[in-house]
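Welcome, and please open your viewer so that we can walk through this model together. Keep the selection tool at hand, as each stop begins with something to pick.

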Amino acid sequence: QSAPQQLLNVSYDPTREFYREYHTAFTAFWAAQGHPRPRLSASHGGSGRQARAVIDGLAADVVTLALAYDIDEIAERGLLSKEWQRRLPDNSSPYTSTIVFLVRRGNPKALRDWPDLLKQGVSVITPNPKTSGGARWNYLALWAWALRQPGGTEATAEQAVAQLFRQVPVLDTGARGSTTTFVQRGQGDVLLAWENEAHLALKEFPQAGLEIVYPPFSILAEPPVAVVDQNVERRGTRALAEAYLQHLYSDEAQRLAAKHFYRPRQQAAAGGQFPAIELATVDTVFGGWGRAQATHFNDGGVFDRIYRPGGR
Amino acid sequence: MREATRDPTWLSAGLIGLAVLIALVVLVLPLAAVFTEALRRGWEPAWEAITDPDAISAMYLTLLVAAIAVPVNTIGGIAGAWAVARCDFPGRRLLVTLIELPFSVSPVISGLVYVLLFGAQGYFGPWLQAHDIQILFALPGLVLATIFVTFPFVARTLIPLMQEQGQAEEEAALTLGANTAQILWHVTLPKIRWALLAGILLCNARAMGEFGAVAVVSGHIRGETNTMPLHVEILYNEYQFVGAFAVAALLALLGLVTLGAKTALELLSRQRMGGHA
Amino acid sequence: MSVRIAGVSRRFSGQAALDDVSLEVATGEFAALLGPSGSGKTTLLRVLAGLDFPDDGRIEIAGTDMARVPARERQVGVVFQHYALFRHMSVAENVAFGLKVRPRARRPDSAEINRRVRELLELVQIPELAARFPDQCSGGQRQRIALARALAIEPRLLLLDEPFAALDAVVRKEVRRWVRGLHDRLGITTILVTHDQEEALELADRVAVLERGRLAQFAAPATLLAEPATAFVAGFIGEACAIPARILHGRLDSPIPGLSTPAGWHDGAVRLFLRPHELLAEAGDGPALVRMIHPSLGAATRVVLELDGHTLEATVPPGAAVPERGGRAAIRASGAIAFAEDGMRARLVAGNLPAHASAP
Amino acid sequence: MSVRIAGVSRRFSGQAALDDVSLEVATGEFAALLGPSGSGKTTLLRVLAGLDFPDDGRIEIAGTDMARVPARERQVGVVFQHYALFRHMSVAENVAFGLKVRPRARRPDSAEINRRVRELLELVQIPELAARFPDQCSGGQRQRIALARALAIEPRLLLLDEPFAALDAVVRKEVRRWVRGLHDRLGITTILVTHDQEEALELADRVAVLERGRLAQFAAPATLLAEPATAFVAGFIGEACAIPARILHGRLDSPIPGLSTPAGWHDGAVRLFLRPHELLAEAGDGPALVRMIHPSLGAATRVVLELDGHTLEATVPPGAAVPERGGRAAIRASGAIAFAEDGMRARLVAGNLPAHASAP
Amino acid sequence: MSTAPLLRRPFLRRQALPGRGLALGVTLMWLGGFILIPLAALALRPWEKGLPAIWEVLTEPRVLAGFRLSFGASALAALIAAPLGLLLAWVITRYRFPGRRSLDALIDLPFALPTAVAGLAMTAIFANNGWVGSLLEGWFGWKIAFTPAGVVVALVFVSLPFIARTVEPVLRDLPREAEEAAATLGATRLQTIRRVVLPALLPALITGFGLGFARAVGEYGSVIFIAGNMPMVSEILPLLIVVKLEQFDYAGAAAIGLAMLLAAFLILLALNLLQHGLRRGRP
Ligand SMILES: Nc1ncnc2c1ncn2[C@@H]1O[C@H](COP(=O)(O)OP(=O)(O)OP(=O)(O)O)[C@@H](O)[C@H]1O
Ligand SMILES: Nc1ncnc2c1ncn2[C@@H]1O[C@H](COP(=O)(O)OP(=O)(O)OP(=O)(O)O)[C@@H](O)[C@H]1O
Ligand SMILES: [Mg+2]
Ligand SMILES: [Mg+2]
Ligand SMILES: O=S(=O)([O-])[O-]
């Protein structure tokens, strides 16, 4: 118990800033419990790539990814229990987010709701759903909206999504790449982004002249967290790893999440900065991530159909 | 008017101008962009980015990877060049082709092949895991991917030179009673030393700058398995553009110093050998 | 040391570069390997040095079979055609190399090595070049460095591959005499490769003539000149001109008059080889066209003639009228060597002139 | 066409490769440039071809100043030392090149070009090689291709830079005679560069001897041999051996006995040049050591002697006793050329023997 | 005289120069360990799912489009880089001018600059708000970044040194005498270059083209930033491999990788044969 323990959190791109602060907080908390100060490290990248790294042997103690599907894939290889999502409260998602619009100041194209995005001449920036978890949320948000419209069917939803992607000039591989393309390279009229990413962009690029637009309806993004059983067993870090995830639900951590523009599960921590909009969930609309992924994003799925010659 | 084959001044001046223009647009401009971005807010933020602990650990890792990969390819490259240029065996042409093969392999594939071999789902993955040997997402993986990508540089510089030089001097040494090690050390290495150094420097430059292959096998653990090019990407993704380009500029600077050293060596060798080297 | 080459063959992708070559060189002898380009001279030398290996046959040096003796243990000094000096070493380091790479037990200490290098450089008369690099030396000097380097290992056998080919005509003559002088002083068995017959004849005690990988003749220079074993040797050695002729009804029918008929030869084609001094020319209304006059002081004038499309070299005997360039000349043979198609050989002497030839 | 070279100099970074060279070659003449390596032969040839330009002096071809005429308009055919054939073109394409690059107005049509190429290849006797590539041809064949290519432009002047250097000794002799024959048939003014004096003397009507960028003598071969203008020419042409001697109290004091004293020379050092036929040797108790015996059939035997550290070539006169290798020989001179330090020159003849020399 | 006829033609002929065993041993370990075994893994992996699955992967429209883009853009880039590389090689070997050495060293820059950095820098330059991109867009209305043209620009950067560095030594060794001979035969400078110099350089140019092309086909880091990555339009093959991997489809990724490798190899082989044909009659 005397040697400082190491813990590796394999996460996805937009959580960098949040986990950097969380590590300071958790280290203090853990030391205060009488443990030696742990050495916490993090790895960030596209959510899918990170999941694959864990599958290929990256020794993650915990994974904190963009989608339940990515963790499901890890569980599929037996690295953790398939029941992982029940082990922590709130679907193992200590914070949530949603998809919003980031537009140029003054919102020159008057983009307020999803149908505005589908108008002629509107150029939309989003990453590639095949490589980016964030992009999948974007895609599903639009799909869910289209289904809710009067007369909305799978077919009209597919049409809407196809129309949107026809208006995308650049498909970056990750959420951060898209933000750079939108902000730095000046491409597109609107960026579909995580709420937290949009706020971060406002903060990081105060000169860029950006505004956030909340559509009346969006999707509830639940980035999940889990302990990788096989790895913590091997490394003897289960206690630390479980505490690390548990503590994400603490007041302190919830406030930190809110500070980094994640919607905390504890409403008290939110501080009223998150406008209330109507949010659909993957489980209710799509029957869970496994089905969503298989129907829409796997090879031969709906997304591929959009780009097939004649499939548009 | 001096030599008959000298091009007219307008032509040579025009061609030189054109070449310089091309070099400026295609080669210098990206470099200039890197430095401009790095120094956009002056020296201080750039300096801070470079001296950040994570940057320093990335630098250390990059140098360490190069320090392992380059000697491996140097020794292998010398052996390969010797085998091709000094030995008689069937399949020499095939050997040259195989040595050059990694040039035409995508860096992504160079990383992928090691994932296929050593990944937990790969051929040797289960065995490695059973024996608690970490290759991927650790130093060995980075080194392997770097070796793959920089594999042909030394051999490719040496082979044409050694073929052209012929082996008369080695044979002379042999008749004078020298053994293998003595021939290698006293005759062959001095004969090829400048080309060898040039090859090593190119290999080193590429080893330090490799991104695609390393990205696949790194694991991207801050301060642990990030090399400089990966650290650049991370900083960039954190919207720390100045920091990203500062580290990139440092990396480019290392490359430039390497290339400068190579040019100086070539100059030196031409002087030493009276234009024959 | 004596050298015995017995039935040696070496084939390169089917082509025989050496084809059943056998010859013996005695201790202290100076032998030459002479032959046109591609005749296998270098190949034989390399086989002797252990740089290449025969497909068949054996090599013995001082009575020992060399089959399993690697080059570096043969103690054979080699001077390569382009010298193969170590360009990155000074002259002294080049010469010292063979001593420095000896196994520690047999290696002289460095003072001794320095002394030996000085001695060798003095022997080859370039002590002042010790500190220079090969690239700073002239061709003749490099040749001496190469020789000193080869001599440093106290070779039992010295092999020289066209050591004079890269030298200026003037320097060449001087250096080759000096090499022969050195041989006479040191007495090392020496084999010299050359394609210059003048060089071989001047330097060597015996000359081996190679023709397309086969040994045509191995004999003393005077023998080669007087009694060439084959038509190839007769044509290659000395400045003989070849003329086709034939024996018809038991009599020699030749475009050049003056020769006796070899006794007992059958009718058929023969080839005559005439050396310039055996072909006598004189201004006059003869069959030959005068192409060139060799100016020469003191010796008999030589002329180049054209006869039936053949170029011939002839001598104008003292007292005879020297023809003009472009004019005509009468010719007569005073001797020749004849080869029949079946390999028969005869030396012809001046004989009765047939009626149709005009004598000068 | 006649060629006039007047006071031409060419310096490379301060060093003069050509130093005030003047000479005139007549229309149809075959001239040779002879000199040791680095004496400026190639430089002069390049200046003539317009490939390089003199720092001083002028070049006239057929009476026209060439200063402003570029190489491609000079109509000078050049055969380069290594032939410089176009490796990616067939033999026929090589030969046709000079015709194909003509301005359209003067360019023959392709049937005519083909005819001319065939004609030229027949002239140089290699019509069967038309479709081959240079790398598939032997040295002698390449030489002919280069010649045919140079002749294709109907040159007014033909320049040959050591065209035989890369050839085998046997081939060389044949090809050079053939070249001279071609010249005699076509009558093109020709300048040949060589460092082989035998070649120059055999081929050329007149020979220009260059010494370190300066013209030492330009004369017919016989004149060069009989009356060398400078000690350099005397030593370089013919196989003369140089011996230092001096005039002491008005009499020649020489290690070789038998020579008269030049009339009217002052006391001082002189250099004697003796050709082998002027130095007579005989077995006997003389001052010279016999190093080598040249075997030779028909001609007088030649021997190589050592005298006071000098190597001499001598002749054993017919009837005299031939010495043994390693033995001693008595020597006597029958003639020599003497140069004094002040440039005085005299031909010496056999004279009274001083008392201390022994005559054979 | 040899003792056993079997010994007469051994697989490896006896060789005087020592070290063959050692050199071959080290070379084979080096080559085998670092290149052949990993590539064998690449070659084996796709078959797990069987031939039809491989065929399906390779005939996906997006993959086919990727092949078209990767090979087409690489060929175009190498075609553009060939004259540029030739010009650079010509200038640094034939002319003496201040800055020649710097120019010489610059040619190797793409070897030294990390590809990702090069990609970021080029995107910044060629985006329509970048240094060059804004000019091109303003003057001609051209868009470079985020279009296939951007891919070509990045690949030119990558393949340029391969071409320049292959041509340069040949140009350096080209005997001046051949050009002089052409001059004495009446050829103008232009005729000399077109008929004598360029044909002599062609084999090297083709080799360089092949190397540059092969390298460009595999390039990843410098392309993804500038490409725009639109499926069917500007999605390069290495990116498709990455996409497959994101879906945990190792076999599919390996199949594309293997197909790329084979295609590049075949093209190199064809270029080799072409080059051989051009050297007709030469050893
Ligand atoms: N390593 C080799 N591979 C193939 N053929 C060879 C090799 N070495 C020599 N040969 C061939 O063997 C024959 C004899 O070559 P060798 O070098 O012994 O000739 P040489 O008499 O020395 O000629 P030269 O006077 O030109 O040096 C030639 O036909 C040559 O092409
Ligand atoms: N381009 C050049 N630059 C500098 N020096 C040169 C150049 N060309 C010739 N020289 C020098 O000029 C002198 C004469 O050279 P040249 O080539 O004319 O000699 P050469 O008589 O033809 O000799 P060789 O018989 O060796 O061919 C030499 O000292 C040579 O080094
Ligand atoms: Mg040879
Ligand atoms: Mg010359
Ligand atoms: O980090 S992402 O997977 O959302 O691009």
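Before the first stop, one term: two residues are in contact when heavy atoms of theirs lie within 4.5 Å. Please also keep in mind that what you see is a predicted model.

**Stop 1: A:Trp289**

Select A:Trp289 and show what surrounds this residue. Setting aside the neighbours within four places in sequence, you will find A:Trp289 in contact with A:Leu67, A:Ala68 and A:Tyr69. Its contacts also include A:Arg136, A:Trp137 and A:Leu140, as well as A:Val282, A:Asp283 and A:Phe297.

**Stop 2: the largest nonpolar core**

Now widen the view. How many residues does the largest nonpolar core have? There are 349, and A:Trp289 is among those with the most contacts inside this core. To see the others in that group, pick A:Val63, A:Trp114, A:Tyr139 and A:Phe165, then B:Tyr114 and E:Leu42. Next, colour helix α3 of chain E, residues 61–94: this helix gives the most to the core, with 17 residues.

**Stop 3: ligand 5**

Return to chain A and select ligand 5. Around it you will see A:Tyr12, A:Asp13, A:Pro14, A:Gly46, A:Ser47 and A:Ser132, along with A:Gly133, A:Gly134, A:Gly174, A:Ala175 and A:Trp194. By type, this shell consists of 4 nonpolar, 6 polar and 1 charged residues.

Which distances are worth displaying here? Try the one from an oxygen atom of ligand 5 to an N or O atom in the side chain of A:Ser132, which is 2.8 Å. A polar backbone atom of A:Gly133 is 2.9 Å from an oxygen atom of the ligand, and a backbone N or O atom of A:Ala175 also lies 2.9 Å from a ligand oxygen. On its own, ligand 5 exposes 200 Å², and the protein buries 100% of that area.

**Stop 4: ligand 1**

Move on to chain C and select ligand 1. The surrounding residues include C:Phe12, C:Ala17, C:Pro36, C:Glu162 and C:His195, together with C:Gly38, C:Gly40 and C:Lys41. In total, the shell divides into 3 nonpolar, 7 polar and 2 charged residues. Highlight helix α1 of chain C, residues 41–49, which gives the most to this shell, with 3 residues.

For the polar contacts, start at C:Gly38, where a backbone N or O atom lies 2.7 Å from an oxygen atom of ligand 1. The corresponding distance for C:Gly40 is 3.0 Å. At C:Lys41, an N or O atom in the side chain is 2.8 Å from a ligand oxygen. Alone, ligand 1 has 630 Å² of accessible area, of which the protein covers 56%.

Methods. Residues numbered from 1 in each chain as written. Chains lettered and ligands numbered in written order. Predicted model: local features only at pLDDT ≥ 70, side-chain atom pairs only at ≥ 80, totals over all residues. Heavy atoms only, no water. Core = buried A, V, L, I, M, F, W, Y, C linked by side-chain atoms within 4.5 Å. Buried < 20%, exposed > 50% of the residue type's maximum accessible area, 1.4 Å probe, protein only. Helix = DSSP H or I, 4+ residues; strand = E, 2+ residues; numbered from the N terminus. Near = heavy atom within 4 Å. Polar contact = N/O pair within 3.5 Å; in protein donor to acceptor, adjacent residues only side chain to side chain. Areas by Shrake-Rupley, 256 points an atom, 1.4 Å probe, with all protein chains shown as cover. Nonpolar A, V, L, I, M, F, W, Y, C, P; charged D, E, K, R; others polar.
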